[in-house]
Every structure is written in C-alpha cells, then in structure tokens.
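Me: I'd like to go through this structure and ask how each label is earned. Can we take the pockets, the ligand and the backbone in turn?

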Amino acid sequence: MGAEQQATAVRSDESVRPASAGSVQSVHSVRADAPGTATAVAHPNIALIKYWGKRDERLILPRTDSLSMTLDIFPTTTRVRQAPGADRDEVTLGGKPAEGDARQRIVTFLDLVRERAGATHRAVVDTENTVPTGAGLASSASGFAALAVAAAAAYGLDLDATALSRLARRGSGSASRSLFGDFVVWHAGREDGTEEEADLSSYAEPVPTGPLDPALVVAVVNAGPKDVSSRAAMRRTVDTSPLYEPWARSSGDDLADMRRALGRGDLAAVGEIAERNALGMHATMLAARPAVRYLSPATLTVLDAVLGLRRDGVAAYATMDAGPNVKVLCRNADADRVADVVRAAAQGGAIHVARPGPAAQLLDEDG
Ligand code: 2P0
C-alpha cells in the first residue's frame with residue numbers, strides 16, 4: 001500500500017488508534033502491536049508565526065514561540081523496526097539508502113530514543129514522503145514527527161503527545177508542531193531555570209480557534225535546492241543581524257494578536273498578522289552579514305498578485321519560509337479563485353491547495 005493510501009486509511013479506518021486533529025484532550029497511545037516494529041504518519045505544517053532562531057542548538061530550543069497550521073496534504077509515513085544483531089542502522093528514504101547528513105540526523109535521533117529506552121539494538125527505518133520533489137514544503141517537520149512516533153513505539157517508550165512533541169523537536173524544531181492537527185503553538189519554554197526545565201517546557205500543543213474554514217494555496221515558483229539551509233540561515237541571522245532582536249520581540253506581540261484573531265475566527269486578521277510576521281523574518285535575514293535572501297523576483301510577482309486579490313476584496317495573505325515559494329492563506333470558499341490568480345502569477349509553477357490536516361498517528365501493523 002502506498003503512503004498516500006495508508007494515510008487515507010488512517011482517517012477512514014476506525015481500527016486505527018484515535019488521534020483527533022487538534023483536540024486538546026487527544027493523547028496518542030504509542031504501543032506497537034508487534035514488539036519492536038511500528039509505523040506512523042505525520043503531515044507537514046506551515047508557520048503563521050515563524051520559528052527563526054535557536055537559543056540552544058543541541059536541545060533545539062527556539063528563541064521565540066511559533067504557531068502553525070498542519071496541512072492535509074503530503075504525509076510522511078515512517079516504519080521503524082528493531083534489528084537485533086545488525087551492527088548499524090539501515091535508513092531508506094523513498095526506497096533509496098539515506099546518506100550523509102540526512103542519514104546522520106536520523107541515526108542521532110535514534111540514539112536519543114535508544115538512550116531513553118535503555119535499548120541497544122540498531123533499527124531498520126523506511127520513510128516515504130509523498131511531497132513532490134522540490135515542492136517547497138520541507139519534509140523535515142512531517143519526517144521527524146513520524147519518526148518520533150514510530151521510533152518511540154518500536155522501542156517501547158510510552159510517551160504522551162506532549163512528550164512526543166518534545167522528542168520530535170530534537171530532530172527538527174518545526175517537527176514538534178506536526179504532532180498535532182489544525183492550529184498548533186510551540187512554546188519556546190522557560191529561560192530562567194535549568195536545562196532540564198527548559199527542555200520540559202518547550203513543547204507544542206493545539207490552539208483553540210473560532211470558525212475559520214481556511215485554505216492554504218501553495219505556489220511553487222522555484223523547485224530547485226536552496227543555497228543556504230534553514231538551519232545555517234537562522235544561525236547566521238541570530239549571530240549577525242541587527243534586526244533579529246527587534247523581530248524576536250515583535251514576534252511575541254504577533255503571537256498574542258494571532259491567538260486572539262484565531263479565537264474569534266477572524267481570518268483576515270490571522271492572514272494580516274501571518275504576513276507581517278513572515279516579512280519581518282525575511283527582513284532579519286536580509287540584514288544578516290552576509291545577507292540571506294530566499295525571496296526571488298518570482299516571489300515578489302506572486303506577492304503582487306496577492307495584493308491585487310486584496311484590492312479586489314478577497315482576503316488573501318502570503319507567508320514564505322526558507323525558500324522563494326509562497327503560501328497564500330485564504331477562505332476555503334475563495335480557494336479556487338485564489339489558486340487561479342496565483343497560478344497565473346507563478347508562471348508555470350505548480351500550485352497545491354491544502355486545508356487543515358490531522359495529528360500524527362500510529363498505524364496498526366496491518367496498515
Ligand atoms: C518555521 N522554518 O517556523 C520556520 C520558518 C523555516 C522558516 O522551521 O534547525 O527545519 O531542524 O530546527 O525546523 C525550518 O527549520 O529547523 C523552519 P531545525 P527547521 O516553520
């Protein structure tokens with residue numbers, strides 16, 4: 001069964017463990033059915049209040065709180081199987097052996113899980129990403145969220161959703177948010193205590209919202225690899241940009257405004273706040289030394305089209321991550337019109353339309 005079909009099965013098959021999208025009460029049970037083997041599915045998320053900058057590189061503790069929407073497209077499915085007797089972890093991505101940094105990040109993550117579980121066996125890890133290559137939607141969030149759920153289960157760690165989001169955070173910061181569905185906040189955590197207190201207090205959780213019915217139109221204007229990784233870019237920004245501290249301060253205000261706008265179901269306000277927060281983040285990068293510039297002429301063309309939509313009375317707002325592609329938040333009822341306008345502006349770039357997606361979940365062994 002392909003990963004996409006498996007993910008559909010998660011939503012339609014009642015035998016699958018419960019993990020509701022965004023329910024505050026939702027607790028993910030993570031016991032594997034067959035000892036030592038587990039499969040999990042997670043979806044990407046797009047930040048409306050950005051995570052940009054760490055205060056602790058090893059524990060992946062962010063400088064600021066962030067807030068995202070989990071998407072209903074492009075799930076990652078990851079299977080982890082303990083492999084007694086193997087002398088190294090075997091990791092495949094889309095059926096091909098992982099190499100270099102990608103492999104090392106997964107092995108380091110498995111080491112962390114093994115340390116917590118008191119386990120020593122190596123593992124076989126198979127990951128299927130359904131995101132098209134170069135779609136401009138990072139797979140590290142869905143990837144490490146799925147890996148955290150599957151690896152914890154395979155090694156017998158019984159963790160609740162909060163602990164799983166802290167674990168996923170250690171793989172990639174944004175992965176902490178993909179543990180939950182719909183709208184999600186990731187707390188930066190305490191800065192005034194011990195390292196352990198900081199680690200315990202930096203987790204994600206669902207954000208309650210009023211009625212919103214949003215869509216996110218993703219415009220891929222450049223599918224090529226980026227020159228500077230987001231990890232390196234955020235480090236350089238924190239270290240050298242004179243605009244970083246002012247942005248980090250104002251991002252706290254943005255988050256408070258965003259929570260209120262979400263609470264009253266005010267999509268236009270949600271979009272306005274998300275757009276200003278993203279543009280501010282890109283301003284911090286432009287002021288880094290040397291500058292990091294992800295925005296391209298094609299990005300600006302799409303931004304102009306979004307402004308045009310607003311002038312025509314359509315609530316459409318843009319956000320961009322560590323790349324040139326643009327994600328446009330709008331009402332679900334306007335999604336077709338927004339997609340048409342954005343498609344014309346994106347000059348041949350692929351367009352994907354996403355809605356709020358589900359929490360990460362463990363699959364039964366039979367899928
Ligand atoms: C975000 N991004 O909030 C921000 C906005 C990119 C721009 O999270 O170093 O891959 O693994 O913690 O999570 C991309 O950073 O970084 C990211 P690491 P990650 O979505």
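Me: What volume does the second largest pocket have?

Reply: About 270 Å³. Keep in mind that this is a predicted model.

Me: What makes a residue part of the lining of that pocket?

Reply: A lining residue has an atom within 4 Å of a pocket point. The residues lining the second largest pocket are E57, R58, I60, R105, T108, F109, L112, E115, F144, R170, G171 and R231. Helix 2 (100-117) and helix 4 (161-171) each supply at least two of the lining residues, and the largest share, five residues, comes from helix 2.

Me: How does the lining of the second largest pocket divide into nonpolar, polar and charged?

Reply: There are four nonpolar, two polar and six charged residues. Glycine counts as polar by the definition used, so G171 of the lining goes into that group.

Me: Now the ligand. How many residues surround it, and which are the closest?

Reply: 18 residues surround the ligand, and the closest are Y51, K54, S172, S174 and R231. To be in that shell, a residue needs a heavy atom within 4 Å of the ligand.

Me: What makes the approach of Y51 to the ligand a polar contact?

Reply: The cut-off is a pair of N or O atoms within 3.5 Å. A polar side-chain atom of Y51 lies 2.6 Å from a ligand oxygen, so the pair qualifies. For R231 the distance to a ligand oxygen is 2.7 Å, and for an N or O atom in the side chain of S140 it is 3.3 Å, so these pairs pass as well. As for cover, the ligand taken alone exposes 470 Å², and the protein buries 93% of that.

Me: Which parts of the chain supply the shell around the ligand?

Reply: Domain 1 (3-209) and domain 2 (214-354) each give at least three residues. Helix 6 (residues 230-240) provides the largest share, three residues. By type, the shell has seven nonpolar, five polar and six charged residues.

Me: Why is I60 picked out in the backbone?

Reply: Most residues other than glycine have a negative phi. I60 is not a glycine, yet its phi is positive, about 50°. I60 sits in the loop between strand 3 (54-56) and strand 4 (61-62).

Me: And what is the peptide bond from R289 to P290, cis or trans?

Reply: That bond is cis, with omega near -5°. Most peptide bonds are trans. P290 is in the loop between helix 8 (267-286) and helix 9 (297-311).

Definitions and conventions
Residues are numbered from 1 along each chain as its sequence is written. This is a predicted model: local features need pLDDT of at least 70, side-chain atom pairs count only at pLDDT 80 or more; totals for chains, interfaces and linings use all residues. Side-chain values use heavy atoms; hydrogens and water are left out. On a 1 Å grid over the protein atoms alone, a cavity is a set of points where a 1.4 Å probe fits but cannot get out, and a pocket is an open set with protein on both sides within 12 Å along at least five of seven lines; lining residues have an atom within 4 Å of a point. Grid points are joined across faces, edges and corners, and a volume is the space filled by probe spheres set on the points. Helices (H or I, at least four residues) and strands (E, at least two) are DSSP runs, numbered from the N terminus. A polar contact is a pair of N or O atoms within 3.5 Å; within protein, one must be able to donate a hydrogen and the other to accept it, and residues adjacent in sequence count only if both atoms are side-chain atoms. Accessible areas come from the Shrake-Rupley method with a 1.4 Å probe; for residues, only the protein chains shown count as cover. Domain bounds come from an automatic or database domain assignment.
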